[in-house]
Amino acid sequence: METSLTKIYVNRELSWLKFNSRVLEESMCPGTPLYERLKFISIFVSNLDEFCMIRVGTLYDQSLLSVPILDTKTHMTPNEQLEAIYSRIRELLAEKDRCYDAVMTALAAEGIEQVRADDLSPEDKSYLVGYFDRELQPLLSPQIVDTRHPFPHLTNLQLHVAVLLQRDGESTLCGLIPVNPALERIVFLPDRRRFILVEELIELFASRIFHMDRVLETVIFAVTRNADINMDERLDERLFTEDQDYRTYMKEILKKRKRLAAVRLEMNHDCSETFRAYFMDKFRLKPQQIFTTATPIDMRWVYTLPEHMPSTLTKKLSFEPHRSRYPNVLSPNESIIRQVQRRDILLNYPYDSFKPFVDLIREASEDKAVSSIKLTLYRVGRESTLINSLIHAAENGKDVTILLELRARFDEENNLNWAAKLEEAGCRILYGPDGFKVHSKICLITRRDGKLQYVTQIGTGNYNEKTANIYTDYSLLTADPQIAADALQVFNNLGTGTIGGTYRHLLVAPKGLRPTILSLIEGEIEKARAGKPAEIFVKINSLTDNPLLEALVRASQAGVKIRMIVRGICCLRPGIPGYTDNIQIISIVGRYLEHSRVYAFGSGGDRRVYIASADFMTRNMQRRIEIAVPLRDPKIAARVYDDLCTTFSDTYKARELHADGSYTHRQPAPGAKPFDSQNYFRERAAATAEPLSGFRARLRALFGR
């Protein structure tokens, strides 16, 4: 079985690169507004940066081991994976350059044009010289590299201009100009329609900085460093003293991350062999780790472009502003707690507003009957009304306990800041068990009104008001005492550093989630073998876990109908005769980031539906505290299942995965219009005054469904 399974697996890293390729494809979608297409290129770039820092960084570390760690799917060695990754990245960068050129050409036709140094007229250069001397040069910190000035440590991903200099007509040396992050990246020419990026302006006028030397060559570059630090590498009894707590340790780790080994170097154009060899020596890189791209290396400037555009043009080239609505199942003028006590409430972000949950916490902070609020926090925005409400609750004498995950990758510094503020306000801050990230999304409000009462919230996404406007997620609000009993046990276990525990309804990783999912899959296998209807329907972000992969293959072989919506990494090839021919898999990349996790097992009245914080990844099953909650209200369970079916019928943004590992756009039925599931949910949420059944009928007529 093991040998056969390797034929249908896909390497995790190469699958992720396919996902990012789908992100890049969105930049060429003619139905997407032009500025939004440019943002998809920027998202592609930032995704790839993180991939190189984390995944390539991990493989780099593994490649240094004397005994190689083989990929569990394809049995590739770390070096073989790196070679394949570098080759694929090179192809993707070439495709990105083509996409960028097409988008910027179209943007120029709209009146906003990026110019390069070769495009500048003498008048343009005269203006820019004045700007450079007046606004830029005083803020630059150039240096040369020689025997008295050693090559400095360069910050991860920071732009630099390297200059090859000739001194005294003979010797050559390197000059470096860091691009100060405080500089405005976009420099407009007087006509206010053409702009040049500041790093290209610095490169153009490098000779004005090193005016005593002859400039032989210039190049803009950035180094990418390994950022995959094992946060638990020193978490033992030897780590801490009376003077060093967990937050101090995390601050040390963040400092260490900035100085790790280089894994990639990007340049804005090719350079001489002299310069290339110089970079390889200073950063200890191999030739395949050096990449050239005609696209700006750092694309974060894209998000500031609207500040320089006429508002009418920004509106024309952007999506219609997103407007979450207050769900019509809730009244904003009535106690949220009282409404949840009457019936379970399901919120669906971003179509529903995040405000009801903030209102719930605010109400709890003022409710004299509320004694405690317990909450897990993984990623939080830099500004948060929710956090302010929690602080207000603590100041009002409520027992506020927050399980804060400091190891939320790249949000560690932000979480450290919140930890200090929350603790100062009187909140009790916990950090969870050693060696396990707390990734679950759960809140428990306890009140005494004659008797103990609870409101429990469990969701698929973070308590982040900003991402709640762009990530699709579910959030369940319930007064179910049995769910509350499990939630209380979760917090008690987290507070005492206990892994495991017995839960009546919640599925809690690392002990109870995977075994229950495997049991549910086996239940469907038994039904199929008995000739009964058997079905599995799953929506997740990633599919990589071997035990779950093998179970899905067995289910397919038994005849279970399996449909999966897997946005990102997918290590399984569907449609292989004898193995996965009963499995269909699609991926949707669109305006909103598909983030909700839903598991459905069975059919008809026998169906069990869960929403969860966990993907089907080994880390979620073994190294994180995750929670899946059953939807016990039949109407809510039916609604979520119907949402799965609606999403799976998408023919606008959905791409279907095939047995050969390729993805193709799904096509609508002959004569039907493409069906955009995300737009469907937006329209459904907006139709608050229209009965849902009538709305569905109207949408079927509109989209030919």
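Helices are DSSP runs of H or I with at least four residues, numbered from the N terminus. With that in hand, here are some exercises on this predicted model.

**Exercise 1. Place Ser677 in the fold and describe its surroundings.**

*Solution.* Start with the secondary structure: Ser677 belongs to helix α20, which covers residues 677–686. Next, look at the accessibility. The relative accessible area of Ser677 is 1%, and buried means under 20%, so Ser677 is buried. Finally, list the contacts, leaving aside neighbours within four places in sequence: Ser677 is in contact with Ile588, Thr646, Thr647 and Asp650.

**Exercise 2. Check how the radius of gyration of the chain agrees with that of a compact globule.**

*Solution.* Take the chain length first, which is 705 residues. For that length, a compact globule would have a radius of gyration near 27 Å. The chain has 27 Å, so the value agrees with the rule. You can then add the box: along the principal axes, the C-alpha atoms fill roughly 85 × 65 × 60 Å. Two further numbers fill in the picture. Buried residues make up 57% of the chain, and residues 24 or more positions apart account for 74% of the contacts with a separation of 6 or more. As for secondary structure, the chain has 21 helices and 27 strands.

**Exercise 3. Describe the surface and the charges of the chain.**

*Solution.* Begin with the area: the accessible surface comes to about 29,800 Å². Carbon and sulfur atoms hold 49% of that surface. Now turn to the charges, of which 95 are positive and 91 negative. Their mean positions are 5 Å apart.

**Exercise 4. Explain why Cys99 forms no disulfide, then look at Cys570.**

*Solution.* Recall the chemistry: a disulfide is a covalent bond between the sulfur atoms of two cysteines. The cut-off used here is a pair of cysteine sulfur atoms within 2.5 Å. For Cys99, the closest cysteine sulfur is in Cys29, at 12 Å, so the two are too far apart for a bond. Cys570 is in no disulfide either, and its nearest cysteine sulfur, in Cys571, is 7.0 Å away. A search of the whole structure fits with this, finding zero disulfides. Both cysteines are buried: Cys99 has a relative accessibility of 3%, and Cys570 has 2%.

**Exercise 5. Follow the chain from Ala509 into Pro510, and find the other cis peptide bond, at Pro350.**

*Solution.* Ala509 lies in strand β18, residues 507–509. Its relative accessibility is 2%, so Ala509 counts as buried. Not counting residues up to four places away in sequence, Ala509 touches Asn620, Met621, Arg624, Ile625 and Glu626. Ser440 is 69 residues from Ala509 along the chain, yet their C-alpha atoms are separated by 9.1 Å. Now step onward: the peptide bond from Ala509 to Pro510 is cis, with omega near 15°. Pro510 sits in the loop between β18 and α16, the latter spanning 513–529. The peptide bond from Tyr349 to Pro350 is also cis, with omega near 0°. Pro350 is found in the loop between β10 (345–349) and α12 (355–366).

**Exercise 6. Locate Leu157 and Arg192, and give the phi angle of each.**

*Solution.* Leu157 is not a glycine, but has a positive phi of about 70°. Leu157 lies in the loop between β2 (143–145) and β3 (160–167), and is partly exposed at 22% relative accessible area. Arg192, likewise not a glycine, has a positive phi of about 65°. The loop of Arg192 runs between β5 (186–188) and β6 (194–197). With a relative accessible area of 47%, Arg192 is partly exposed.

Conventions. Residues are numbered from 1 along each chain as its sequence is written. This is a predicted model: local features need pLDDT of at least 70, side-chain atom pairs count only at pLDDT 80 or more; totals for chains, interfaces and linings use all residues. Side-chain values use heavy atoms; hydrogens and water are left out. Helices (H or I, at least four residues) and strands (E, at least two) are DSSP runs, numbered from the N terminus. The radius of gyration is taken over C-alpha atoms; the globule rule is 2.2 Å times the number of residues to the power 0.38. Buried means under 20% relative accessible area, exposed over 50%, partly exposed in between (1.4 Å probe, protein chains only). Contact means heavy atoms within 4.5 Å. Accessible areas come from the Shrake-Rupley method with a 1.4 Å probe; for residues, only the protein chains shown count as cover. Lys and Arg count as positive and Asp and Glu as negative; His and the chain ends are not counted. The place of a charge is taken as NZ of Lys, CZ of Arg, CG of Asp or CD of Glu.
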